[in-house]
Amino acid sequence: MLKFLSKVKIEFNALDPRIASCMEFLAQCNAPKAKESNPSCQVQVKRRTDDHTPQITVTFVNGVEQSYDATSTPAHNIRTMILEKGQYLETEQMFREAGEKWPVIIPDDELKQPFLGIKPKKAEEKKQ
């Protein structure tokens, strides 16, 4: 998960009963496997003393920043969203390195064409 991120900032008030998601996400970030995937990713913890809701803010390697409300979003869902966005970034990078335009726009008429890589089975083959 950290391999797609350059920075993680976790903010919460330690006395707030809604910090479970923050704590679980922090544990995931501090796991050896996660740290090995991107040792240069900065993980910052900001302990607040006000009523600010628990929040997780991540900065992706391309500089895009995304904030998550940790009171209503479980850590697992945040991790899943990060992985999905990271896979999208990897795909984008792959296309750009290959000299292709991004995003790839497929014309409607091509989307409706049959896939020629699979031959339909003949009626005789189905009976056997």
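Start by selecting Y88: with a relative accessible area of 42%, Y88 is partly exposed (buried is under 20%, exposed over 50%, partly exposed in between, using a 1.4 Å probe and protein chains only). Before you click on, keep in mind that this is a predicted model, where local features need pLDDT of at least 70, side-chain atom pairs count only at pLDDT 80 or more, and totals for chains, interfaces and linings use all residues. Numbering runs from 1 along each chain as its sequence is written, and side-chain values use heavy atoms, with hydrogens and water left out.

**The aromatic stop**

How many aromatic pairs does a search of the whole structure find? The count is 2, where rings of Phe, Tyr and Trp (its six-membered ring) pair if their centres lie within 6.5 Å; planes under 30 degrees apart are stacked, over 60 edge-to-face, and the rest tilted. Add W102 to your selection and you have an edge-to-face pair with Y88, at 5.5 Å centre to centre and 65° between the planes. Y88 sits in helix α3 (residues 75–97) and W102 in the loop between α3 and α4, so this pair ties together parts 14 residues apart in sequence. (Helices are DSSP runs of H or I with at least four residues, strands are runs of E with at least two, and both are numbered from the N terminus.)

Unlike partly exposed Y88, W102 is buried, at 18% relative accessible area. Now pick F95: its ring centre is 5.2 Å from that of W102 and the planes are at 50°, so that pair is tilted. F95 itself is partly exposed, at 28% relative accessibility. Show Y88, F95 and W102 together and you're looking at one aromatic cluster.

**A charge over a ring**

Next, select K85 and F60. The charged end of K85 sits over the F60 ring, 5.9 Å from its centre; the test is NZ of Lys or CZ of Arg within 6 Å of the ring centre and within 35 degrees of the ring normal.

**Over to K3**

K3 is in the segment before β1 (5–13) and is partly exposed, with a relative accessible area of 43%. What does K3 touch, leaving aside residues up to four places away in sequence? Show S37, N38, V61 and E90, with contact meaning heavy atoms within 4.5 Å. Try S40 as well: K3 and S40 are 37 residues apart in sequence and 9.1 Å apart in space, C-alpha to C-alpha.

**Last stop**

Finish on L111, in helix α4 (residues 108–111). L111 counts as exposed, at 56% relative accessibility.
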